[in-house]
Amino acid sequence: MSTVVDKFGRAVGDTVSQNPKRARRLLRAGYFASGKQMQYLPGRGLLPHQRYAAVISNRAIRLPLSNPGKSAVVSAFLPPELLHAMGIVPQFTEGLAGYLNGAGCEHAFVRFAEDRGIPQTYCSYHKVLLGAALSGVLPKPKLVVNTTLACDANNNTFRTLADFWKVPRFTLDVPDRSDPDAVAYVAAQFRELKGFLEEVTGGKLAEEALRAVIRRENRSIRLYRGYFGELSEKYIPNDMTSEMYKIFMTHVLAGTKEAERYFELLLEDARKAAGSGNEIRLLWVHTLPFWQGSMKSILNGGRIQLLCCDMNFDCMAEMDEAAPYEALSRKLLQNTFGGPGVRRTDALLQMAETLRADGVVYFCQWGCKQTLGNAYPAKERLEQAGIPTLILDGDGCDRGNVNDGQMTTRLQAFLEILEAKR
């Protein structure tokens, strides 16, 4: 961590308990300054789509902090289309926790949450969010919306937040199957969500606005598929931070003009890229420890091609704008993070074959029981298909909870194995 970030993180951390409003002002000022730096002095070597993603993701975090009365705190897997159609800005768990880590102050919020009874074994992303909210640093939003998909912490976290802030909450219950009855069940919930949003905000959801969001998202999906077609034969420099920014585009910003522009730039950059050479091509599972210097020194650039993380291809089906609620239902039910673990493994296997991955890094984020529980069955299936797989334990957002030396040693040894197989 740089000296500037370290000092900034300590300044924020020192004010969390005693003066949370000051901590919030510091964060807003820091993110504003970093956003301007990204816009006018972008990092060297970044491609246009990466520079654009850095600016847009920064803005997506800042807006709810500046205007919380028009925001909703959400889970990453919540389909955001209804929110965008009504002008409600989503603030999501993983994004906020990642940015607080980027500011070097995440441990202050982890400590605040644990001191108030949140278990040490709880997901770090959720602990950071809870610490930021319960301390008063994260301002009260208009509402809270979450799903039950993928993460068993969702219900506890978002119920706690809604009770603490005393704001309305809506939960989408997601079955573990995608048959017609399940589609109808979830579609009915989306219609209820529409009514809920209208009641809470006092506005009306225009069906044409929702259809426009879906059309933009469908165009984005087509662009994204084109990108994967290029990536299968190209070397396109990537880094862990840029791959995390992509989660904004594939999730909470899906269907926005900004996300569509990102996918346009992504495909343009892919078309200009050089052909695949002698790089080691890695597919990543789950979130990435983008903050970890040792991991960055190994994975960012050079002979490593970080292809994609599986959060960024968890559902790529186009939607029928003529039946938007059923379409949103199918999107949620077809997500590879839901249902039996073999569904996620099948998607990994298919993408690994499409992108000609030399190996898979299966990252077990602290506290994520769904990912941990599927780790060894996935490894067995992938290796039966001839794809070497490394299970790597770590923490995507709490730098105080990582065995850095062990992670580095295991990853380097895995890369040596992949190199020897070439």
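How many residues of each class, nonpolar, polar and charged, are in the lining of the second largest pocket? The legend to View B gives the count. The views below show a predicted model.

**View A. The largest pocket, with a volume of about 1300 Å³.** The lining of this pocket is made up of 44 residues. Those closest to the centre of the pocket are M38, G102, T241, Y245 and F290. Five elements give two or more residues each to the lining: α1 (3-15), α2 (20-40), α3 (48-66), α5 (93-102) and α11 (240-250). Sorted by class, the lining of the largest pocket holds 21 nonpolar, 17 polar and six charged residues.

**View B. The second largest pocket, with about 360 Å³ of space.** There are 22 lining residues here, and L63, H84, L253, T256 and E258 are the closest to the centre. At least two lining residues come from each of α3, α4 (81-85), β2 (89-92), α10 (207-231) and α12 (257-272). Helix α3 supplies the largest share, five residues. The lining of the second largest pocket consists of 13 nonpolar, five polar and four charged residues. Helix α3 also gives two or more residues to the lining of the largest pocket.

**View C. The largest cavity, with a volume of about 270 Å³.** The lining of this cavity has 23 residues, of which E217, T250, A254, C315 and K331 are the closest to its centre. Two or more lining residues come from each of α10, α11 and α14 (324-333). The largest share, four residues, is that of α10. By class, 14 residues of the lining are nonpolar, six are polar and three are charged. In total, the structure has four cavities of 30 Å³ or more.

**View D. An open sheet of four strands.** The strands follow the order β2-β1-β3-β4, and their pairing is parallel. At the edges are β2 and β4 (169-172), each of which pairs on one side only. On average, neighbouring strands are turned by 25° against each other, direction ignored. Helix α3 packs on the sheet and touches β1 and β2. The direction of α3 makes about 105° with that of β2. Another helix, α8 (residues 154-165), lies across β1, β3 and β4 and runs at about 170° to β3.

**View E. Strand β3 and its partners β1 and β4.** Three bridges link β1 (residues 71-74) to β3 (residues 143-147), and the two strands pair in the parallel sense. In this pairing A72 stands opposite L143, and V74 has V145 as its bridge partner. Strands β3 and β4 also run parallel, joined by four bridges. Here V144 is opposite R169, while T147 is opposite L172.

**View F. Covered and uncovered faces in β3 and β4.** Is β3 mostly covered or uncovered? Strand β3 is mostly covered, with five of its five residues buried. On one side of β3 are L143, V145 and T147, on the other V144 and N146, and all of these residues are buried. The edge strand β4 has one covered face, formed by F170 and L172. The uncovered face of β4 holds R169 and T171. Across the pairing with β3, R169 stands opposite V144, a buried residue. L172, on the covered face of β4, stands opposite T147 of β3.

**View G. The surroundings of S75, a residue in the loop between β1 and α4.** Why does S75 count as buried? The relative accessibility of S75 is 2%, so this residue counts as buried, the limit being under 20%. Leaving aside residues up to four places away in sequence, S75 touches T93, V145, N146, T147, N154 and F158. Three of these contacts, V145, N146 and T147, are among the buried residues of β3. S75 and N154 lie 79 residues apart in sequence, and the distance between their C-alpha atoms is 7.2 Å.

Note on methods
Residues numbered from 1 in each chain as written. Predicted model: local features only at pLDDT ≥ 70, side-chain atom pairs only at ≥ 80, totals over all residues. Heavy atoms only, no water. 1 Å grid on protein atoms, 1.4 Å probe; cavity = no way out; pocket = protein on both sides within 12 Å on 5 of 7 lines; lining within 4 Å. Points joined across faces, edges and corners; volume = space filled by probe spheres on them. Nonpolar A, V, L, I, M, F, W, Y, C, P; charged D, E, K, R; others polar. Pairing = 2+ DSSP bridges. Axes fitted to C-alpha atoms, helices over the stretch in contact; angles between N-to-C directions. Contact = heavy atoms within 4.5 Å. Buried < 20%, exposed > 50% of the residue type's maximum accessible area, 1.4 Å probe, protein only.
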